[in-house]
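Here is a short tour in questions and answers. Look over the sequence and the model before reading on.

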Amino acid sequence: MLKEMSDPNSELRYRFQCDLCSGPDWFGENLDAPAACTKCGRSPVRYFVADAAYCFLHRTLMRDTYTTSSGFLFAVFTWWGNEHLFPNAKLYMVPVDSDDPKDCITFQFCAMCEQAKQQWLKTV
Ligand SMILES: [Zn+2]
Ligand SMILES: [Zn+2]
């Protein structure tokens, strides 16, 4: 079977993601004026180019990762309500208190967002 011709513009497409609600990812061509989240109407938090994640705020490739556990779902964070200031910081850090490797979650983060979060934490 012949492989379907790929869309010549597909490389220009960005997959946008919103973290601040549970809305679905969406696609766009324009990084400077992307469509807003289809669910909550906010700007994207990150975007993907060929599955590589970038911080939308800083336009940086997020190479770094951190590890946490599912306990983050139940944690109370001081930054709540301010996450738009550093949307790709290490927001969901909780101590990995389990030896279960299945309860080990890896997130990508943006170093510049993390720096902004550290700065912000000093002010609270
Ligand atoms: Zn949203
Ligand atoms: Zn960032």
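Q: In which loop is Asp-51 found?
A: This is a predicted model. In it, β3 covers residues 46-49 and β4 covers residues 52-55. Asp-51 is found in the loop between β3 and β4.

Q: Is Asp-51 buried or exposed?
A: A residue counts as exposed if 12 or fewer other C-beta atoms lie within 10 Å of its own. Asp-51 has 6 such neighbours, so it counts as exposed.

Q: What is the phi of Asp-51 near?
A: Most residues other than glycine have a negative phi. Asp-51 is not glycine, yet its phi is positive. The value is near 70°.

Q: Where does Arg-59 lie, and what is its phi near?
A: Arg-59 lies in the loop between β4 and β5. With 11 C-beta neighbours inside 10 Å, it counts as exposed. Its phi is positive, in a residue other than glycine, and is near 55°.

Q: Which residue in β4 stands opposite Phe-48?
A: Strands of a sheet pair through backbone hydrogen bonds. Here β3 and β4 run antiparallel and are joined by 4 bridges. Opposite Phe-48 stands Ala-53.

Q: What is the order of the strands in the open sheet of 5 strands?
A: The pairing in this sheet is antiparallel. Its order is β2-β1-β3-β4-β5.

Q: Why is one side of β2 and of β5 left without a neighbour in the sheet?
A: β2 spans 26-28 and β5 spans 60-61. Both stand at the edges of the sheet. One side of each is left free of a neighbour because each has a single partner strand.

Q: What pattern does the chain follow along the sequence?
A: The chain has 1 helix and 7 strands. Read along the sequence, the pattern is β-β-β-β-β-β-β-α.

Q: Which strand gives the most to the largest nonpolar core?
A: This core has 15 residues. Those touching the most other members are Tyr-54, Cys-55, Phe-56, Ala-89, Cys-110 and Cys-113. With 3 residues, the strand that gives the most to this core is β4.

Q: Which residues does Cys-113 touch, not counting those up to four places away in sequence?
A: Cys-113 belongs to the largest nonpolar core. Leaving out residues up to four places away, it touches Cys-55, Leu-57, His-58, Phe-86, Pro-87, Asn-88 and Ala-89.

Q: What share of the residues in the chain is buried?
A: To be buried, a residue needs 20 or more other C-beta atoms within 10 Å of its own. The chain has 124 residues, and the buried share is 17%.

Notes. Residues numbered from 1 in each chain as written. Chains lettered and ligands numbered in written order. Predicted model: local features only at pLDDT ≥ 70, side-chain atom pairs only at ≥ 80, totals over all residues. Pairing = 2+ DSSP bridges. Helix = DSSP H or I, 4+ residues; strand = E, 2+ residues; numbered from the N terminus. Core = buried A, V, L, I, M, F, W, Y, C linked by C-beta atoms within 7 Å. Contact = placed C-beta atoms within 7 Å.
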